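The following explanation considers how aromatic rings are arranged in the structure shown below. The reader may wish to keep the sequence at hand while following the paragraphs.

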Amino acid sequence: MSWFIEVLKKYAVFSGRARRKEYWMFALFAGIIYVLFLVIGLATKQSWLVAIPYIAFLLPGLAVTARRLHDTGRSGWWILFGIVPLAGPITLFVFSVLDSEPSDNKYGPNPKGFAPAHV
């Protein structure tokens, strides 16, 4: 849960890098909260309730996605590729599961806190 809270604290920080764990823990908890609001909305016939977590997590979700892309050495502008039907979401998914660049890159130091030894 601390990973989720950490992303919310950096809700509008589009610079830097985010580890896979940070990104996927945010996605997991946001998904669980979204499903809870969906179930409550369906049970109470208040379909607008699902908009609450969507609006609340939109900016933090974009920010953590941009930082995740930075961690793989890509620009945050790749988020826009997500609007391309089928290929966009698949490409962003692949980028999100790739490992971090092992050393510092132009977006900042490795968030794992170590750099590999050069051979």
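**Aromatic pairs in the predicted model**

Phe95 has a relative accessible area of 11%; it is therefore buried, since the limit for that class is under 20%. This value, like the others discussed here, comes from a predicted model.

The face of Phe95 is covered by Arg74, which lies 3.9 Å from the ring centre.

The model contains eight aromatic pairs. One of them joins Phe4 to Phe26 in a stacked arrangement, with 5.4 Å from centre to centre and 15° between the planes. Phe4 belongs to helix α1 (residues 2–9) and Phe26 to helix α2 (residues 20–44), so this contact ties together parts of the chain that are 22 residues apart in sequence. Phe4 has a relative accessible area of 4% and is buried. Phe26 is likewise counted as buried, at 6% relative accessibility.

Another pair brings Phe95 back into the account: Trp78 and Phe95 meet edge-to-face, with 5.1 Å between the centres and 90° between the planes. Trp78 sits in the loop between α3 (51–71) and α4 (87–97), whereas Phe95 is in helix α4; the pair links distant parts of the chain, 17 residues apart. The relative accessibility of Trp78 is 34%, and this residue counts as partly exposed, while its partner Phe95 is buried.

Finally, the stacked pair may be placed in its wider setting. Phe4 and Phe26 are members of a cluster, linked through ring pairs, that also includes Phe29 and Phe57.

Notes. Residues numbered from 1 in each chain as written. Predicted model: local features only at pLDDT ≥ 70, side-chain atom pairs only at ≥ 80, totals over all residues. Heavy atoms only, no water. Phe/Tyr/Trp six-rings, centres within 6.5 Å; stacked < 30°, edge-to-face > 60°. Helix = DSSP H or I, 4+ residues; strand = E, 2+ residues; numbered from the N terminus. Buried < 20%, exposed > 50% of the residue type's maximum accessible area, 1.4 Å probe, protein only. Lys NZ or Arg CZ within 6 Å of the ring centre and 35° of its normal.
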